[in-house]
Amino acid sequence: MSLVDTVFRPAETPATEAAGDEPGARWLFILLTAGFSVAITWLFAASVTDWTPLAVGALPLVAVNSAWISGGAATAIIGLARSAVAVPAPPAGWTPGGRTAILVTLCKEEPEPVARYLQSLHRALRREGLGQGVDGATEIFVLSDTSGAEAVAREAAVFGPLVAAGIVHYRRRARNTGRKPGNIAGWLAWRGSAFDYMLVLDSDSRMSAGRIGRMIRQIEARPSTGLLQAGMGLIPGRSRFGRHQRSSVRLMSSNFGRGMAAWAGRSSNYWGHNAIMRVAAFRAAVDLPRLPGRAPFGGPPLSHDFIEAAWIRRAGWAVELDPCLDGSAEDGPQSLEAFHKRDRRWCQGNMQHLRVLTEPGLHPMSRVHLAAGIVSYLAAPIWLILVVLIATGLAPVAGLLPFALVATVLLLPKLCALAGRIGRDRTARRRWVTCRAWTGELVVSTLIAPIMMVRQTASVISVLMGRDCGWKSERRPTWRLPAGTPEAAAGIAIAAIAAQLGTGASLWLAPLVLPLLGAPLIVRVLDATPA
């Protein structure tokens, strides 16, 4: 059994959706999102006992976050209502009509795991009839932006034998101008004219040869499709946090992906890797804008993938999502600190999209994706502001109905995912395993949600204060606070507010405060690697 076969042992039937826009699904998404968000905002307004200036100011904040969580609930409901359609493997003897370049980008990552994967992928591609070489259907390119004499020598030693064996082409740039987009643009100018399609992988992402074959066949059958994004699972985690993330993706992503594929239709999004594109279509996204001003809001866009999808759609090509997780995965962060470091960079990249939202000629759905990315990070400080306003009585609210409705809408994506999985489970034992995994995921997600809220709030504040994280080399401070300490300090501050306000505030703030107070222990337990 190959490495590819070991990593990609599918947990469910491969699924995708038919190509094309579905106005019914889009209108249902709009109606459900509007319905939930209006209901939450109206209940909040009806529960306000004194319309202080801050209570009036809280109302639009409630509306923004209500729309954000309502969109997630609407997507999950649509996904549950849709049937998974199996994508058959290409028939025996099928060969692609065009040539595909498999581009693997890396920058100072460990080269050995990438080399082992590419050797395994090379053998699997040959078995699938997608053999490599000048006359083959695919060729693998390793595009490196690695610098530093020791790291460069290590890469050369690892990939040299693969180059000699004809398994990969290896190209390293002396200057990483434009980072990853610049690296791919360089390949486009160097070899792009020899290929019809390009499939992009990061150093930590994996796709099986079978899935690559199905992706090629899908895009060949859709002449107007410029980009086809594959759904992604996670490679088995090593830490408890890594395993939690994988469990969450396995339970939630298929249902959510089906819903998103339905309402986004031909105007979906790009997540930066595990996607196949027409070379002709990607040429429309090569010249990314350099945002005016200085970082963090100016300079080269960090979250370039959303912008590339918007540019491809603007050029008239369809951007589609195949939500199937089979044969497509990436490696997730194995600690909360690593997750936060990546998330901080994503926060800055998404906040930069404020500069792109009004770009002329963009498709309305592309603007929706850009706006959703922005709100996904603004949601955390908005929730924290609302908690403080309500807890202190500056925005006095009576009754629990608004909070109950918010909790229900937040829970809906998880409930829809559970219903979908149980509906496919054929035995009582499988249903029991699903329920147990779902319960564990819910408990861990509930515990870490306040920690993530505080950390994302800090990220947004950092960006607004003008601090640039960029793609800088990591500098480890000589001394740092123990993990979870800032979150615990935030919990102590909120608990002090609750203590001043009496038992009522303490009770409804408890689900937020207790995980923050326990953050040092929670982080330590989740970051640990089980024996």
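This passage describes the confidence, sheets and helices of the structure.

The model is predicted. The mean pLDDT of the protein is 89, and 92% of the residues score at least 70. Residues 1-18 stay under 50 in pLDDT. The model nevertheless has 50 contacts beyond four places in sequence for residues 1-18. Where pLDDT is low, the predicted coordinates should not be read in detail.

Seven strands build an open sheet with mixed pairing. Their order is β3-β2-β1-β4-β8-β6-β9. At the edges stand β3 (169-172) and β9 (318-322), each paired on one side only. From one strand to the next, the twist averages 20°. Within this sheet, β1 (residues 100-106) and β2 (residues 138-144) run parallel and are joined by seven bridges. In this pair, I102 of β1 faces I140 in β2.

Two helices are described against strands of this sheet. Helix α4 (residues 111-127) lies across β1, β2 and β4 (197-202). The angle between α4 and β2 is about 170°. Angles over 145 degrees count as roughly antiparallel, so α4 and β2 are roughly antiparallel. Helix α6 (residues 179-191) comprises 13 residues. From first C-alpha to last, α6 reaches 18 Å, close to the 18 Å expected at 1.5 Å a residue. Its buried residues are K180, P181, G182, N183, I184, G186, W187 and L188. These buried residues of α6 pack against four strands, β1, β2, β3 and β4, and against helices α9 (279-282) and α10 (304-314).

A further open sheet has three strands, ordered β5-β10-β7, again with mixed pairing. Both β5 (205-207) and β7 (233-234) are edge strands with a single partner strand, so one side of each has no neighbour in the sheet. Strands β5 and β10 (residues 328-330) run antiparallel and are joined by three bridges. Here S205 stands opposite E330 in β10. Strands of a sheet pair through backbone hydrogen bonds, either parallel or antiparallel.

Helices α12 (residues 364-391) and α14 (residues 428-464) pack against each other. Their axes are 8 Å apart and meet at an angle of about 110°. That angle falls within the 65 to 115 degrees that count as roughly perpendicular, and α12 and α14 are therefore roughly perpendicular to each other. On the α12 side, the contact is made by S376, Y377, L378, A380, P381, W383 and L384. Helix α14 contributes M453, Q456, T457 and V460.

Methods. Residues are numbered from 1 along each chain as its sequence is written. This is a predicted model: local features need pLDDT of at least 70, side-chain atom pairs count only at pLDDT 80 or more; totals for chains, interfaces and linings use all residues. Side-chain values use heavy atoms; hydrogens and water are left out. Two strands pair if DSSP finds at least two bridges between them. pLDDT is the predictor's confidence in each residue, from 0 to 100. Contact means heavy atoms within 4.5 Å. Axes are lines fitted to C-alpha atoms, for helices over the stretch in contact, and angles run from 0 to 180 degrees between N-to-C directions. The expected span of a helix is 1.5 Å times one less than its number of residues. Buried means under 20% relative accessible area, exposed over 50%, partly exposed in between (1.4 Å probe, protein chains only). Angles under 35 degrees count as roughly parallel, over 145 as roughly antiparallel, 65 to 115 as roughly perpendicular and the rest as oblique.
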